Amino acid sequence: MNFVLHGSSVSSGITIGYAHLVSSARLEVAHYEIGADALDAEVARFDAAFVRAKDELGALGEHIPPDAPPEFAAFLNLHRMILEDSSLSHAPRAQIREQRCNAEWALVQQMEKLVAQFEEIDDPYLRERRLDIQQVVERVLKALMGGPGLAEPQIEDERKRIVVAHDLAPADMALFKRHHFGGFVTDLGGVTSHTAILARSLAIPALVGLHHARQMIRENELLIVDGLQGVLVVDPDPIVLGEYQLRQSQHELERQKLKRLRSTPAATLDGTPVELFANIELPQDIDEVLEAGAQGVGLFRTEFLFMNRKELPSEDEQFEYYRQVASALGGRPVVIRTLDLGADKTLHMDGEPMPNPALGLRAIRLSLAEPQMFLAQLRAILRASHHGRVKILLPMVAHVHEVEQALALVKQAKEQLEERGAPFDRAIDVGGMVEIPAAALALPMFMRRLHFLSLGTNDLIQYTLAIDRTDDAVAHLYDPLHPAVLHLVAHTIQTANRAGVPVAVCGEMAGDLALTRLLLGFGLRNFSMHPSQLLAIKERVLRTNLAEVQPLAQRVLRSGDPGRTRELLAKLNA
Ligand code: PEP
Ligand code: MG
């Protein structure tokens, strides 16, 4: 059946391939009756699926990718133990025979019982294990349905596979990093959610917020992911397919052409230099940063090292992680952001869910509430500063006392290292993220205490417009061009420029081609974005006449009207 679904693009480009359904046990599985003479065969089918799931886990255990989180082996062991536990495998066998039902149905019924028992447990860590049970059941279901398992290497044809999921768990990250899928699409998620950040770090076309894709698409159905328009075409007819194949090769050709700009200095037509930096989530993203010719890393999101594991990473492990990036950059700067956990980025050991996580104990608030954890991270960053040009960035500052406390802890971390005789950069710069409207409106008190500012527009938009950035139900209200957002962004850039305090934009607005000239017109000279966007942004900078865009950008600010803003933006980008 030929149809089109609309979602939000989180990673651009076009990919054409075959659907690979990642099953979610929560989704409906079929329920049908098994004839008395077929019961033995049904139980045998159930047993074979368990064997297959065990083999898959065994194969995964033998080929743990070097970049997998250290807890990955423990996570595999836990899944093996769950698979071998009779509470999961025995009851469904009896149920198949007693109720004459199919194996998938019996398995999901048993899973629901176990999950309900786990939900009653007080201990938050044990309670979370219900997610592992669900993941194990999904693996067995996949084997029952005869689809290929995620563990099976299919390297030659993986690039032609498009993962279709209801939602993706952070634990899938290690698997995705090991595979080379052509793209992925999910029913849930907002464009700046954790899922989206993962998609960008994989640099493959991806869409989120498709609502019912997982239910409507069949395994191996031909799909076109159009990450440029936010469209998924299912089972396209030959004319549409031909058109997309053409667009895909044109897009590829343009990307190849852009590579020529790799070592061209970024400057506007009148010669004003513009700094283009890259955002990364993991040390292995550095290759892409170097390939894109970035001037350094403008945002290293460190929280990914802390996720998918039971214990916090030690200071030494963190040091090694940060050192790798600092050394690989060969003298170019890296801005290491201290932990921004909370909201959609949660730890395995997180306790009770917060009533409103985006407004709760997140980012710098969490670090200040856990000073030992924060100090260990600060020491690790400081030690890495001996191996490259490192700066520290504090996420989500809103109060002066938060900055003062954080600076006092930086001082304490320095003293601790001095006592140990460990080398570090004593003059390390410490900056703050402007991502809460309060910070944008009270800039001088931050500028007096910090060396630089970085505008986190993803959160600035979320908090200005009261739009949960992970919730696709309100995704249509997430608007970087809202006059209030533009005022806060322009005000921050202009105030910092007047005071001579370096200011960057490191949120998604920095990598949005439609906004490059507007931001240049506001006075921005430092952009940090995902490396895959960098060369296209550079090309736009090279073709920008500052004298023309500055007055237009001021008119956008003065107009304060969304319709007029879009007209002026079209003029800016003409
Ligand atoms: C932002 O909020 O714009 C930002 C860069 O930080 P994150 O997306 O990691 O919250
Ligand atoms: Mg943020």
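How far does a polar side-chain atom of Arg301 lie from an oxygen atom of ligand 1? The distance is 2.6 Å. The model is predicted, and this report covers the surroundings of ligand 1 and of the magnesium ion.

**Ligand 1**

Around ligand 1 stand 15 residues, of which Arg301, Arg337, Gly456, Asn458 and Arg469 come nearest. Polar side-chain atoms of three arginines are paired with oxygen atoms of the ligand as follows.

| Residue | Distance from its polar side-chain atom to an oxygen atom of ligand 1 |
|---|---|
| Arg301 | 2.6 Å |
| Arg469 | 2.7 Å |
| Arg362 | 3.5 Å |

On its own, ligand 1 has 290 Å² of accessible area, and the protein covers 100% of this. Strand S10 (297–301) and helix H18 (457–465) are the elements that give two or more residues to the shell. H18 gives the most, with three residues. By class, the shell holds eight charged, four polar and three nonpolar residues. Domain 3 (302–428) and domain 4 (433–574) each supply at least three residues to the shell around ligand 1.

**Magnesium ion**

Ligand 2 is a magnesium ion whose protein donors are Glu435, through OE, and Asp459, through OD, at 2.0 to 2.2 Å. Glu435 sits in the loop between strand S13 (430–434) and helix H16 (437–441), while Asp459 belongs to helix H18, so the pair ties together parts 24 residues apart in sequence. Are these donors buried or exposed? Glu435 has 2% relative accessibility and therefore counts as buried, the cut-off being under 20%. Asp459, also at 2%, counts as buried too.

Methods
Residues numbered from 1 in each chain as written. Chains lettered and ligands numbered in written order. Predicted model: local features only at pLDDT ≥ 70, side-chain atom pairs only at ≥ 80, totals over all residues. Heavy atoms only, no water. Near = heavy atom within 4 Å. Polar contact = N/O pair within 3.5 Å; in protein donor to acceptor, adjacent residues only side chain to side chain. Areas by Shrake-Rupley, 256 points an atom, 1.4 Å probe, with all protein chains shown as cover. Helix = DSSP H or I, 4+ residues; strand = E, 2+ residues; numbered from the N terminus. Nonpolar A, V, L, I, M, F, W, Y, C, P; charged D, E, K, R; others polar. Domains from an automatic or database assignment. Donors = N, O, S within 2.8 Å, 3.2 Å for Na, K, Ca; no water. Buried < 20%, exposed > 50% of the residue type's maximum accessible area, 1.4 Å probe, protein only.
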